[in-house]
Structure formats: C-alpha cells, structure tokens
Amino acid sequence: MNVGVVSALDPDENLLESSYTSHYFGTSIVIQKSTNDEDADDPTGPLIPVGDEVTWTYRVTNPNPIDLFDVEVTDNQLPDETEIIRLDDEIGNDDDILDPGEIWVFEAIGTAELGQYENRGFVTAFDANENQVEDSDESHYLGTAIDLEKSTNGEDADLPTGPAIPVGEPVVWTYRVSNPSLVELTNVAVLDPDLPTGVGIDRQPDETGNNDDILDPGEVWIFRAASESVLGQFSNTGTARATDPVNNLLTDSDTSHYVGTDVELEKLTNGEDADEPTGPIIRVGDPVTWTYRVTNPSPVPLTDVNVNDADLPDGVSIIRQPDEVGNNDNRLDPGEIWIYEANSIVPEERQYQNTGVVT
C-alpha cells in the first residue's frame with residue numbers, strides 16, 4: 001500500500017489538500033533443493049561414492065495468501081532419463097492447486113558421477129491473473145572414487161586368454177592404484193583372494209606420489225604379487241579399497257588372466273613305459289622300438305613341435321607316425337596325441353638308457 005497527497009492554493013491563498021491510497025500485491029514462489037538431504041547450496045556438497053544413488057529433493061512452497069496454479073519443476077542438469085516425480089505433499093491436499101502455506105515435494109534419483117557436480121532446480125507457476133512467478137536453487141555433490149588397473153606380466157589381460165606362460169615360469173601381477181577424486185583417500189588396501197596360497201601383495205615405491213599413507217588426488221601407487229605359472233586358464237580379480245574424508249568406502253576391481261602352457265612326452269621301449277631300469281629284456285640282435293607319445297595338456301594349440309633323443313644309436317632317426325588322436329596337421333591341438341618312433345637293433349649286452357625331449 002502507498003498513500004499519495006496533492007496540495008494547491010486558491011486565489012485567496014487558501015491551502016487545498018487531497019489524498020489517495022493505492023495497493024498492489026506481489027506474488028512469489030519458493031523452491032528449496034537438497035542433495036541426499038543436504039542443503040548443498042555451495043560446493044562441495046555431500047561426498048558420494050561414484051555409482052551410488054543420488055537423490056535430489058525439491059520442496060516448493062507458496063508464501064502468498066492466494067492460490068498458485070500450473071506448478072512446474074525442472075532442472076538444468078540431471079542425468080539422462082532421470083525424471084522429476086511429484087511425491088505426496090508435505091503440507092497440502094495433493095491436488096493441482098498450490099494453496100497458501102502448502103509445501104509440495106518433488107524428487108529425482110540418479111547415480112553419482114566422478115568429480116564436482118552441480119545442478120539448479122527451477123520452479124514456475126501462475127497466479128489467478130496469469131502472472132508468472134518463478135524461483136531457483138542450486139545444489140552440489142562431489143563424486144569420489146578409487147581406480148585399480150591390474151596387469152599380468154605387463155599385459156592388461158582383462159579378457160582370457162591373457163599372456164601364455166609356460167608352466168613353472170614367473171608370473172607377476174601388478175596393481176596400479178590411482179585416485180581420480182578431488183579429495184585425499186586413506187586406508188588404501190589391495191586384495192586378491194584368488195592368488196595362489198601363500199602369495200602376498202606388496203606395495204612398491206609409488207609411481208607418482210610421496211610414498212606416504214595418503215593417496216592424494218592424481219597419485220599412483222604400485223602393488224605387486226609374484227608366483228609361478230600353473231597349467232590351464234587362470235583368472236584372478238584384484239580389489240582396491242580406500243575411504244574418503246567422510247569415511248565412505250570406495251572400491252574398484254579388475255580381473256586379469258593368463259594361460260599356463262605345457263607339452264608332455266611319454267616314451268616307451270618295445271611298448272613298455274620303462275622309466276626305471278632294467279626295462280624290457282631284449283636279446284642282442286633283436287629289434288628295439290622307441291615310441292614317443294606327445295600330448296598337449298594346455299587349452300591352446302602348440303606349434304613347431306620337435307622330438308629329439310641325443311642318446312639314440314648313430315644313424316637312427318625319429319619319424320612321426322599317424323596321429324593317435326588328431327588330424328595329422330602341424331598344430332598340436334589341446335588333447336591331441338602325436339606318435340613318433342625310432343627303430344634299431346640291440347647291438348650288445350648292456351643296460352641301455354636314452355632320454356627323449358619334446359619342445
């Protein structure tokens with residue numbers, strides 16, 4: 001309300017006065033936005049692990065003594081396919097008119113992303129004279145995370161088979177732990193329950209960092225475990241853990257693979273598996289046949305197969321025979337059995353020994 005006064009003098013200089021009163025009513029609407037129940041007007045807002053649920057709540061109130069209509073709540077930056085849903089009124093009758101003093105509640109649910117995140121909620125409405133009212137409120141959160149990248153013998157072997165490593169040769173698993181967050185992380189640990197029994201994970205000098213117990217933003221810590229290759233497809237999963245400044249538990253996992261390879265040779269003398277002396281007793285001048293059965297216990301094919309026996313009599317050669325199991329090609333597939341033979345005559349009376357080698 002405001003009051004206007006007009007004054008004047010008549011010809012006899014009498015003072016003449018008149019007054020008038022004028023009114024208007026200013027309408028408004030109020031939105032109060034929160035993130036995970038925090039009124040996070042300023043950064044950083046709540047710290048939320050990446051991938052965890054984020055709930056944005058919008059409380060819309062009508063501070064006027066008149067009704068408001070066509071209330072609409074929007075947001076300038078919500079994740080794709082995230083919708084704002086009206087919930088039951090906190091104060092009100094759940095109709096489509098925002099009465100004086102009512103409080104309507106809206107909600108949107110998404111998933112936390114890495115880094116500093118901010119978005120602004122908007123509300124618009126109209127009064128009975130079709131005057132538009134509007135308000136907005138900003139909210140923030142900070143997405144926190146830890147990152148693990150695991151390799152096997154220097155290969156990022158996320159998928160099988162990974163590197164092929166002969167049975168019994170060294171296997172080294174390397175775990176690169178980094179902090180992509182904007183805050184420090186503590187209580188960092190690396191676990192790998194599928195490592196061979198007795199194999200531990202040891203922290204190495206940091207790739208980047210100061211070798212203390214705080215994983216600063218951008219730092220990279222290195223952990224290693226070492227063992228020997230075993231036969232077959234091997235898979236293990238490392239997990240890095242840490243806590244952010246509000247004790248949220250952060251985890252990340254990465255799986256790595258290798259395949260342990262081998263070749264096996266079984267040698268027979270005149271059909272006997274004569275690993276120990278004396279072996280079969282053969283008369284001087286009678287024939288002796290050495291048979292070499294080569295198998296592939298690995299889950300991958302082998303090539304360049306070669307059988308040698310340095311102790312064979314002069315002039316005796318090892319000849320490949322038709323495969324016992326296989327297709328007689330030059331690739332020793334898993335489960336195939338290749339046959340080789342060498343033939344000679346027993347030259348003299350003595351204990352004889354020779355050793356076949358397959359590569």
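User: What makes the sheet that contains β19, β20, β23 and β22 antiparallel and open?

Analyst: In this predicted model, 4 strands follow the order β19-β20-β23-β22 in an open sheet, and their pairing is antiparallel. β19 (264–269) and β22 (319–320) are the edge strands, as each pairs on one side only.

User: How do you know that β20 and β23 pair?

Analyst: Two strands count as paired if at least two bridges are found between them. Strand β20 (residues 287–295) and strand β23 (residues 337–345) are joined over 9 bridges in the antiparallel sense. The requirement is therefore met. Within this pair, Thr289 stands opposite Asn343 in β23.

User: What holds paired strands of a sheet together?

Analyst: Strands of a sheet pair through backbone hydrogen bonds, in either a parallel or an antiparallel sense.

User: In which sense does β18 pair with β12, and in which sense with β17?

Analyst: Strand β12 (residues 164–166) and strand β18 (residues 249–261) pair in the parallel sense over 3 bridges. Here Ile165 stands opposite Gly260 in β18. Strand β17 (residues 232–243) and β18 run antiparallel and are joined by 12 bridges. In that pairing, Asp252 in β18 is the bridge partner of Ala240.

User: What lies between β17 and β18 in their hairpin?

Analyst: There are 5 residues between the two strands of this hairpin. Asn247, in the turn, has a positive phi of about 70°.

User: Why is the contact between Asp192 and Lys150 called a salt bridge?

Analyst: A salt bridge requires a side-chain nitrogen of Lys or Arg within 4 Å of a carboxyl oxygen of Asp or Glu. The closest N and O atoms of Asp192 and Lys150 are 2.8 Å apart, so the pair qualifies. Asp192 lies in the loop between β14 (186–191) and β15 (202–203), and Lys150 in strand β11 (residues 147–152), so the salt bridge ties together parts that are 42 residues apart in sequence. Both Asp192 and Lys150 are buried.

User: How many salt bridges does this rule give?

Analyst: The count comes to 15 salt bridges. Among them is the one between Arg350 and Glu348, whose closest N and O atoms are 3.0 Å apart. In addition, Arg86, Asp89 and Asp96 are linked in a network of salt bridges.

User: Why are Arg320 and Asp323 placed in separate classes, one partly exposed and one buried?

Analyst: Buried means under 20% relative accessible area, and exposed means over 50%, with partly exposed in between. Arg320 has 28% relative accessibility, so it counts as partly exposed. Asp323 has a relative accessible area of 11%, so it is buried. The two residues form a salt bridge, with the closest N and O atoms 2.9 Å apart.

User: Why is Glu348 called partly exposed?

Analyst: Its relative accessible area is 42%, which lies between the limits of 20% and 50%; Glu348 is therefore partly exposed.

User: Which residues have the most contacts inside the largest nonpolar core?

Analyst: They are Ile29, Trp56, Tyr58 and Val60, in a core of 21 residues. Strands that each supply at least two residues of this core include β5 (53–61), β6 (69–75) and β8 (103–111). β5 gives the most, with 4 residues.

User: Which residues does Ile29 touch, not counting residues up to four places away in sequence?

Analyst: Among them are Val60, Leu68, Leu98, Val123 and Val133.

User: Which residues does the second, separate core include?

Analyst: That core has 20 residues, including Leu185, Leu195, Ala240 and Leu250.

Terms used:
Residues are numbered from 1 along each chain as its sequence is written. This is a predicted model: local features need pLDDT of at least 70, side-chain atom pairs count only at pLDDT 80 or more; totals for chains, interfaces and linings use all residues. Side-chain values use heavy atoms; hydrogens and water are left out. A nonpolar core is a set of buried Ala, Val, Leu, Ile, Met, Phe, Trp, Tyr and Cys residues joined through side-chain atoms within 4.5 Å. Buried means under 20% relative accessible area, exposed over 50%, partly exposed in between (1.4 Å probe, protein chains only). Contact means heavy atoms within 4.5 Å.
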